[in-house]
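Please open the model in your viewer and keep the sequence panel beside it. The tour below goes from one selection to the next and says what is to be found at each stop.

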Amino acid sequence: MIRHVFVTLVTGLLAVANIAYAAGNPEAPPVVTARSWAIADADSGKLLWAHLPDEPRKAASTTKMMAAYVVLELARDAAVLDEQIEVSPLAASTTGSIAGLRQGEKIGIRDGLYALMLPSGNDMGNAFAEHFNARLAAPGDETPENAKTEANATRVNFIAEMNRTARRLGMNGTHYRSPYGDGGTPEDRTTTARDLVTLAVAARKHPLFREVVATTDKAIRVHLPDGSLRRLAWANTNRLLEIDGYDGIKTGSTKLAENCLVASGTHAGRRLIVVTLGSSSDQSRFTDSKDLFRWAWKQIVPVQAH
């Protein structure tokens, strides 16, 4: 707790210093509410500008990017996308942001990716974790001890795979405890802005990932136990998709994480990834991200950024 208070105090002082610097320097990045942020080249992942990019933070549902990436890595065996997931009691009873899945229904893997990423379905995160758990290795020292609980017994191998994947990608500041969010205690931290850039670059190499996160609305049908069908429809929580040039990636929001966004956008042929963590409100994360994109494009391309 003392460390958390100290980090919060230091972060606040740095933010004040950043505002003062920006006010006296017209070439400085814009003042934003995000507690940490990063702007990176979307192809190489190279950080171009950043503020506290290595500060460990809670990042809420941006965790679902890793869940989706793990599923897509498993789906390099194309037959995986044809599998059907039966929704368990645990998945159906998941709280928070949900896709609206019910116990006993069956949803395809491909449709499940939309359920995970568009409405930010915590229930789908649990459904994926349980479905793939048995075919993945047990956790080792890559996984935090407080993720290895009895409550996580049907999901812990999937969480471990998320952590193993993070290590392979070089996401050394990332520690997953949940298949869909932060998990752990109020003091635990999940990831950093730099690591989320790394994950975004890796995940975007999958065409289906790019397709899913750029989708504004999606309707699908799930199979009920009696063989009938039920329609589900979702809208993407990422409001940047309403603006030309933006095509992803993932929102996140909780009281402890505040408001987060991992975004992808292209202007004048230059694609950037912008990560904002800890913005002050739902709207602020989108405003923060747009301001950082537009400022960065003005530094990079010889035309007026839109």
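A residue counts as buried when its relative accessible area is under 20%, as exposed when that area is over 50%, and as partly exposed in between. By that rule Arg194, at 33% relative accessibility, is partly exposed. Please bear in mind throughout that this is a predicted model.

**First stop: Arg194 and its partner**

Keep Arg194 selected and add Asp54, with which Arg194 forms a salt bridge whose closest N and O atoms are 2.6 Å apart. Asp54 sits in the loop between β2 (47-51) and α2, while Arg194 belongs to helix α7 (residues 193-203), and this pair therefore links distant parts of the chain, 140 residues apart. Asp54, with a relative accessible area of 45%, is likewise partly exposed.

**Second stop: two further salt bridges**

The whole structure contains 16 salt bridges, and two more of them deserve a selection here. Choose Asp41 and Arg270, whose closest N and O atoms lie 3.1 Å apart in a salt bridge. Because Asp41 is in strand β1 (residues 36-41) and Arg270 in strand β9 (residues 270-279), the pair ties together parts that are 229 residues apart in sequence. Asp41 is buried at 11% relative accessibility, whereas Arg270, at 26%, is partly exposed.

Now select Arg230 and Glu105, which form a salt bridge with 2.6 Å between the closest N and O atoms. Arg230 lies in strand β6 (residues 229-235) and Glu105 in the loop between α3 (89-92) and β4 (106-108), so that parts 125 residues apart in sequence are tied together. Are these two residues buried or exposed? Arg230 counts as buried at 14% relative accessibility, and Glu105 counts as buried at 2%.

**Third stop: a network and Ser36**

Select Arg35, Glu55, Arg57 and Glu258 together, since these residues are linked in a network of salt bridges. Then move to Ser36, which is found in strand β1 and counts as buried at 0% relative accessibility. Leaving aside residues up to four places away in sequence, Ser36 touches His51, Leu52, Glu55, Arg57, Ala193, Val275, Thr276 and Leu277.

**Fourth stop: helices α2 and α4**

Display α2 (63-74) together with helix α4 (residues 109-117), and look along their axes, which come within 10 Å and cross at roughly 170 degrees. An angle over 145 degrees counts as roughly antiparallel, and α2 and α4 are therefore roughly antiparallel to each other. Where they meet, Lys64, Met65, Ala67, Ala68, Val71 and Leu72 come from α2, and Ile109, Leu113, Leu116 and Met117 from α4. Sorted by class, this contact has nine nonpolar residues, one charged residue and no polar ones.

**Last stop: helix α6**

Finally, select residues 156-169, the 14 residues of helix α6, which at 1.5 Å a residue should span 20 Å, and the end C-alpha atoms are indeed 20 Å apart, in agreement. How many of the residues of α6 are buried? Eleven of the 14 are, so the helix is largely enclosed by the rest of the structure. Among the buried residues are Val156, Phe158, Ile159, Glu161 and Arg164. To see part of what covers the buried residues of α6, show α2 again along with α5 (122-133). Step past the end of α6 to Gly170, the residue that follows, where phi is positive, near 85 degrees.

Definitions and conventions:
Residues are numbered from 1 along each chain as its sequence is written. This is a predicted model: local features need pLDDT of at least 70, side-chain atom pairs count only at pLDDT 80 or more; totals for chains, interfaces and linings use all residues. Side-chain values use heavy atoms; hydrogens and water are left out. Helices (H or I, at least four residues) and strands (E, at least two) are DSSP runs, numbered from the N terminus. The expected span of a helix is 1.5 Å times one less than its number of residues. Buried means under 20% relative accessible area, exposed over 50%, partly exposed in between (1.4 Å probe, protein chains only). Contact means heavy atoms within 4.5 Å. Axes are lines fitted to C-alpha atoms, for helices over the stretch in contact, and angles run from 0 to 180 degrees between N-to-C directions. Angles under 35 degrees count as roughly parallel, over 145 as roughly antiparallel, 65 to 115 as roughly perpendicular and the rest as oblique. Ala, Val, Leu, Ile, Met, Phe, Trp, Tyr, Cys and Pro count as nonpolar, Asp, Glu, Lys and Arg as charged, and the others, Gly among them, as polar. A salt bridge is a side-chain nitrogen of Lys or Arg within 4 Å of a carboxyl oxygen of Asp or Glu.
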